[in-house]
Every structure is written in structure tokens, then in C-alpha cells.
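Here are some short exercises to work through with a structure in front of you. Try each task yourself before you read the solution.

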Amino acid sequence: MPPGGGGEVLFSCPVRKVLKPVQLTDPGKIKRIRGMAYSVRVSPQMANRIVDSARGILNKFIPDIYIYTDHMKGVNSGKSPGFGLSLVAETTNGTFLSAELASNPQGQGAAVLPEDLGRNCAKLLLEEIYRGGCVDSTSQSLVLLLMTLGQQDVSKVLLGPLSPYTIEFLRHLKSFFQVMFKVETKPCGEELKGGDKVLMTCVGIGFSNLSKTLK
């Protein structure tokens, strides 16, 4: 946890020569919610209090909820105390919407109660579900970048309302790749629940991975 850190991230990724075009236009309905409440260098009860408050809100909507707790102490817990919650909602068509919230770093800002953090994170997830689409608001820019770099074929993805970051990112895609998206608004109605949706369509630039394996 910030500010001391002390953790390690191991990232592994398969090598792909080209990216396939995607057609993600039907997000499906929410069928289950999974999550992880984590705490380091604080009481193990913190994670349980987060889970109880988050479930208090989410249980009103869906029964299939499981939030794991992960408590670390000693050397494995890094250098700073803190706690947080990560929630993921999975739909019937295999799309995922996520929300995450963590306590303020030690010595910065006001102290956060675990109950408040759990409730606020649950509300953030409900906000993402209301926005809807096949990708949550934090990953919109990534999926648009991968669509741009795909093969020279049409890709479509249904998103919720575009975040300010995504709108600025679209300008960068136009500057760097000369790629412009077709943007169609899909107002909410009988088929689409929640906020108004946006159908993004583009033709990829046919980018291919030129890296060679070093002997």
C-alpha cells in the first residue's frame, strides 16, 4: 500500500503477431459478483467489516455474491498499513464490470472507515452496472486502442457513456493513427437498461508485431 509500497507485480503476457477484430455488442445481464477485500498491517477484522457493509447493499439485487478476504501481516505485508476492496460483476455473456477503492495513504487525507469504504465501493460497482456496456469506464481507452491496432477489418464495441479520459484518448488515436471512430448513441429503452449507450465502430490499421525471438 502507498506511500511505503514494498510489493512486487509479476506481469506475463503471450506474444501475439496480430490482434483479431472484435464484435462486442451484447453485454448480457449480471449473473454474479465476486470480490476481494484486502488488508495489510491493520486488524484482520477490517476486511470482514468491509465485506459486511458491501454485501448489505449488493444483496438487495442479486444472491450470488462472494467476497474473499486477504489479510497479510509481517514481512509479506509491505511497508505501509491500509485496506481496500475490489469488486467484479460478471454477466451471462462473459463480460466483466469492475470497481475498486482503497483507504487513504498513511498521513494523507482523512481516515476512512472500512464500513464507508465497503458501501462506497459497492455504489461504484452499481454505477458501472448502470453505465453498462461491454467494458467498464476505466478500460474504455484500452479496448479502443486494441481495436485501432487490430487487423484491417471492422470492430464494434458497445460502451456506456464515454468518460472524459476516453474522449481525450480518442483525440490522441486520431493524432497518432489517423483513425476515426463511428459513434452511434443507443438510448436506453426496453432492450438496453441503465444509462444511454454508445456503439463504437472502427477499422483497424493492421498493426503486426515485428519483434523476433532473440537466440
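**Exercise 1. How many disulfides does the structure hold?**

Keep in mind as you work that this is a predicted model.

*Solution.*
Step 1. Recall the bond itself: a disulfide is a covalent bond between the sulfur atoms of two cysteines.
Step 2. Recall the cut-off: the two sulfur atoms must be within 2.5 Å.
Step 3. Take Cys 202 as a test case. The closest cysteine sulfur belongs to Cys 134 and is 15 Å away, which is too far for a bond.
Step 4. Now look at the surroundings of two cysteines. Cys 202 is buried, at 3% relative accessibility, whereas Cys 13 is exposed, with a relative accessible area of 53%.
Step 5. The count for the structure is zero disulfides.

**Exercise 2. Describe the salt bridge between Glu 90 and Arg 32, and say which parts of the chain are linked by the pair.**

*Solution.*
Step 1. Start with the distance: N to O, the two side chains meet at 2.8 Å. A salt bridge needs these atoms within 4 Å.
Step 2. Place the residues. Glu 90 sits in strand β4 (residues 82–91) and Arg 32 in strand β2 (residues 30–40), so the pair links distant parts of the chain, 58 residues apart.
Step 3. Check accessibility. Glu 90 counts as buried at 15%, while Arg 32 is partly exposed at 27%.
Step 4. Look for further partners: Lys 31 joins Arg 32 and Glu 90 in a network of salt bridges.

**Exercise 3. Compare where the partners lie in two further salt bridges, Asp 64 with Arg 34 and Asp 116 with Arg 119.**

*Solution.*
Step 1. In the pair of Asp 64 and Arg 34, the closest N and O atoms are 3.1 Å apart.
Step 2. Asp 64 belongs to the loop between α1 (45–58) and β3 (65–72), and Arg 34 belongs to strand β2, so this bridge ties together parts that are 30 residues apart in sequence.
Step 3. Asp 64 is partly exposed at 31% relative accessibility, and Arg 34 is partly exposed at 28%.
Step 4. Turn to Asp 116 and Arg 119, whose side chains meet at 2.6 Å, N to O. Both lie in helix α2 (residues 114–131), and because they are three residues apart, about one helical turn separates them.
Step 5. The general rule helps here: an α-helix has 3.6 residues a turn, so residues three or four places apart point the same way.
Step 6. To finish, the whole structure has seven salt bridges.

**Exercise 4. Which residues of helix α4 are buried, and what do they pack against?**

*Solution.*
Step 1. Find the helix: α4 covers residues 164–177, 14 residues in total, and spans 20 Å from its first C-alpha to its last, close to the 20 Å expected.
Step 2. List the buried residues: Thr 166, Phe 169, Leu 170 and Leu 173.
Step 3. Look down the axis of α4. The buried residues fall within an arc of 110°, so they line one face of the helix.
Step 4. See what this face meets: the buried residues of α4 pack against α3 (140–148) and β8 (197–203).
Step 5. Turn to the face directed away from the buried side, which carries the exposed residues Pro 164 and Ser 175.
Step 6. Follow the chain just past α4, where Gln 178 takes a positive phi of about 55°.

Notes. Residues are numbered from 1 along each chain as its sequence is written. This is a predicted model: local features need pLDDT of at least 70, side-chain atom pairs count only at pLDDT 80 or more; totals for chains, interfaces and linings use all residues. Side-chain values use heavy atoms; hydrogens and water are left out. Buried means under 20% relative accessible area, exposed over 50%, partly exposed in between (1.4 Å probe, protein chains only). Helices (H or I, at least four residues) and strands (E, at least two) are DSSP runs, numbered from the N terminus. The expected span of a helix is 1.5 Å times one less than its number of residues. The arc is that of the directions from the helix axis to the C-beta atoms. Contact means heavy atoms within 4.5 Å.
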